[in-house]
Amino acid sequence: MDSRELTPEELEKKKKKEEKAREKELKKIKAAQKAAAAKLQAQQPATTTKSEKKKNAKREAEEENPEDYADPKTPFGEKKKLSRQMAKTYNPNAVESSWYEWWEKSNFFEADPKSSKPPFVIVLPPPNVTGALHIGHALTAAIQDTIIRWRRMSGYNTLWVPGMDHAGIATQVVVEKKLMREMKLTRHDVGRERFVAEVWKWKNEYGGTILKQLRRLGASLDWSRECFTMDEKRSLAVTEAFVRLHKEGLIYRDLRLVNWDCVLRTAISDIEVEHIEIKERTPLRVPGYEKPVEFGVLTSFAYPLEGGLGEIVVATTRVETMLGDTAIAIHPNDPRYSHVHGKFAVHPFNGRKLPIVCDAVLVDMNFGTGAVKITPAHDPNDFEVGKRHNLEFINIFTDDGKINSNGGPEFAGMPRFQARVAVMEALKEKGLYRGDKNNEMRLGICSRSNDVVEPLIKPQWYVNCKSMAEQGLDAVINDTNQKMEIVPKQYVAEWQRWLENIRDWCISRQLWWGHRIPAWYAVLEDDELKEVGVYDKQWVVARNEEEAQKEASKKFAGKKFQLFQDPDVLDTWFSSGLFPLSVLGWPDDTEDLRAFYPTSVLETGHDILFFWVARMVMLGMKLGGDVPFRKVYLHPMIRDAHGRKMSKSLGNVIDPLEVIDGVTLENLHKRLEEGNLDPNELKTAKEGQKKDFPKGIPECGADALRFALVSYTAQSDKINLDIQRVVGYRQWCNKLWNAIRFAMTKLGDDYSPPAEIVPAAMPFSCQWILSVLNKAISKTVASLDAYEFSDAATAVYSWWQFQLCDVFIEVIKPYFSGNSPPFASARKFAQDTLWLCLDYGLRLLHPFMPFVTEELWQRLPSKKDSVRKESIVISEYPSTVECWTNDDVESDMDMVESVVKSLRSLRSQLAPNERHERRAAFVRCRTNDACDIIKKHELEIATLATLSYLDVLTESDDAPAGCKVDVVNEALSVFLKQQGSINVEAELEKLRKKMEEIQKQCDILQKKTSAPGYQEKVPAHIREVDEAKLASLFQELLSFKEASEHLERESSES
């Protein structure tokens, strides 16, 4: 044998000869494999030309019957009749029709108080009877329905109670506008009785639209228990609560300042007051005034002092209120005013003597002139000063915002903001005006009427909340006996802040629509003043007039009296606060109350944590004996894609039904035009819509909208809703649809699911998908249990998208190509696994997407010897199966997917006309373990990476020529055959960049491990991880260097 060394030229010739021989051998092997259906098989049939494809499609279309793909008409309430063939594409409108009516008629949503199952109860926050579905309602419904459907499928006796709120102010405003529009009458023209009758008529005709719309979203509410805050049972509960709380001394009547709306002529709650920031002199439109009214102005004027002591200058943003001034306050330590202690100023218009009072609490002597005008009847701070100094409280306004007789004959009858101008002019005439200047301020506006809120002193009914608030606070923050949990925890601090600083709650409203206050005033025959309410001690509280008569007879024994019911109604939040009790039948001891109270969870927006949630807790604990719910989940507030609050004037309000059904830009504009925007606002709103929705909103369906909203819940306290994300989930529904279509073709008409599954006997890919399905189930259930809905949605989505559709369905396709015997058993296992995955996967997804999952689940074949549940709604939620988990298989698939990812990355760098061709590839392994794994899974890699051939090389094998190269990790490199020459410089530059990234990681880790005290301070297990990571990075760096050297050699040899 010739033992001489070969020259470089001879080596190169030998290498090329061996390469050609190897390629020839590879072709032979490939042909043999294909013929025997051995390891590798083509994933798709031979390519056809475009013209052939068109002819085939036309032939198929002629042979198909379009009726086979259309759902037959389903009679209302009957189970949906499905088409013989699945439609070729997902159509949300077709899929979401008929199912809900059948679910409802089948009583799938009804709870049974006698059931032995554990109860799980949610009370739907009652939407306003005037309301139409908005995106906030859609978020609430999506989250709550996800919870309820999951619990129902998990074996709970679920109850989700629907109801509507009578929405006192909102409803009264709507009907008042209707009366004015249609009859040119005010409520005062028609009188209380007829007006209330008109409201009931409106409610019965138009109210409750929103509950019908909730059905479109798939909300699985128990409609048999639907209620209304002013129906007979709820009204009795409201009366009972008032009477009981009054008897305990917790409801009382007092004269205090309230937020007053002069348009609606009622007190309003803090939540109905919106504050606008005014930086400087600003004209604003105010209802009832033709000209804009100026705000943001601080006016100074002088009060003459009694006894010729000169004058004292004060400043105010509401100069008209000086007509009700009853004092001037100074700081006791202010040297400028030491000479006027105990003196008086004189009111310039009525001669009233105004005492100069010293008040260190209110007055800041370094602000302004150090003197403050005091109007106790029209300012919260002045009200407190008035109480401290026993001042006179003079109300100068009528209920509709005009100056009353207390304001003096010169101004009486003037609307308040006209009086503002008139008072200023009068001060000028008297030489008391001292100028004005810009003033930054917050202005309270009523959200219902847009009127400027006026603080007015009024006798009202109040709830003493102190003791109830202490109980409510303790229920949340008492770690040893916590009765209620707030999620997210960040809101516990807000809960504590509200309840520790709680004020008594004003519960009376001067409206006609609402629960009439169950209090009667007794006018005694010998009363000097006969006006209702003059004498505080002459009120009686009772459940009805008959009971009031008895109470009054006892209270005023031997006296003649006449009873008059308080004309006021209760704050809407009072009846809403009782809702968890009243919907279950309280105050009666009903089956529902015993079975379902306390409820399980309240889900609502964080903006009403105090106004509604706290009041429910206080009233629930006081009257029901326990917290009304064990958990409170507060969802984020929805903003537009740019993070702006949704408002009609910006044109960014999103109607959920327009997302479900789709809407053109023209119709979006039309909706704006039907509103009451002024021309400039309309223009801005239209421009906003054109920018955000240039082609309108495509039809997305309820499932996609729900899934998007639930997925968004991880976004802190705000959701920036981008409609394109909803569109993305609608496209994903199409992917689900196609997955089932594929499955149906592979399962065949005669397929019967197996009685049991034994993963150990199955092919690798089947074992893997069951193992990752197990993890997806575990993650989804754990996330739902922790109220981490976004994580739950992500877990389900990731399994369906990235594991089932992207990997498993692709990797089993060779098993169904041809009828070769080696794949017969694998094919059966693949069918069984595919069926199992779809059954489990659809049930896992159902709470999030109820419509499409029901439709697809109904198409799946069922086991022969078992009776399947009638609907996915009442089927069992998936739970993990211990024997499915296989960490070794998952680890192998991770390696397979890493190789495939690198090969796909290399393919994406090819010329566009080469990217879709099958080509040969090589995997070079540096460890025996990696080599064994890759060799075992050549079929999976070749299939997923769309290869014509795959060869596995060891470290001792020469790197193949004419290939693009990438390093997968420290143990693996991949090579993809390329036609023509390689741009070596470009390839080397890519490798250099990757090497730089890895070198940076090495440097950071080396710096960390060589830092002083590292060995002593860092735990051993972390040091081991760092050492292993560093070794891995060094090995990866060597692999990249080898790849670079290989390319450089190839370049120099060519």
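I started with the secondary structure: the protein chain has 34 helices and 33 strands, taken as DSSP runs (H or I of at least four residues for helices, E of at least two for strands) and numbered from the N terminus. This is a predicted model, in which local features need pLDDT of at least 70, side-chain atom pairs count only at pLDDT 80 or more, and totals for chains, interfaces and linings use all residues. Residues are numbered from 1 along each chain as its sequence is written, and side-chain values use heavy atoms, with hydrogens and water left out.

Next I looked up the overall dimensions. Along the principal axes, the C-alpha atoms fill a box of roughly 135 × 70 × 60 Å. Of the 1054 residues, 52% count as buried (under 20% relative accessible area, 1.4 Å probe, protein chains only). I also checked contacts (heavy atoms within 4.5 Å): among those with a separation of 6 or more, 75% come from residues 24 or more positions apart.

Then I turned to one sheet. It is open, with four strands in the order 13-14-12-15 and mixed pairing; two strands pair if DSSP finds at least two bridges between them. Strand 13 (344-346) and strand 15 (371-374) are at the edges with a single partner strand each, so one side of each has no neighbour in the sheet. On average, neighbouring strands here are turned by 30° against each other, direction ignored, with axes as lines fitted to C-alpha atoms.

Last, I followed one pair in this sheet. Strand 12 (residues 327-330) runs parallel to strand 14 (residues 353-358) over three bridges, and Ala329 has Val357 in strand 14 as its bridge partner.

Notes:
Axes fitted to C-alpha atoms, helices over the stretch in contact; angles between N-to-C directions. Buried < 20%, exposed > 50% of the residue type's maximum accessible area, 1.4 Å probe, protein only.
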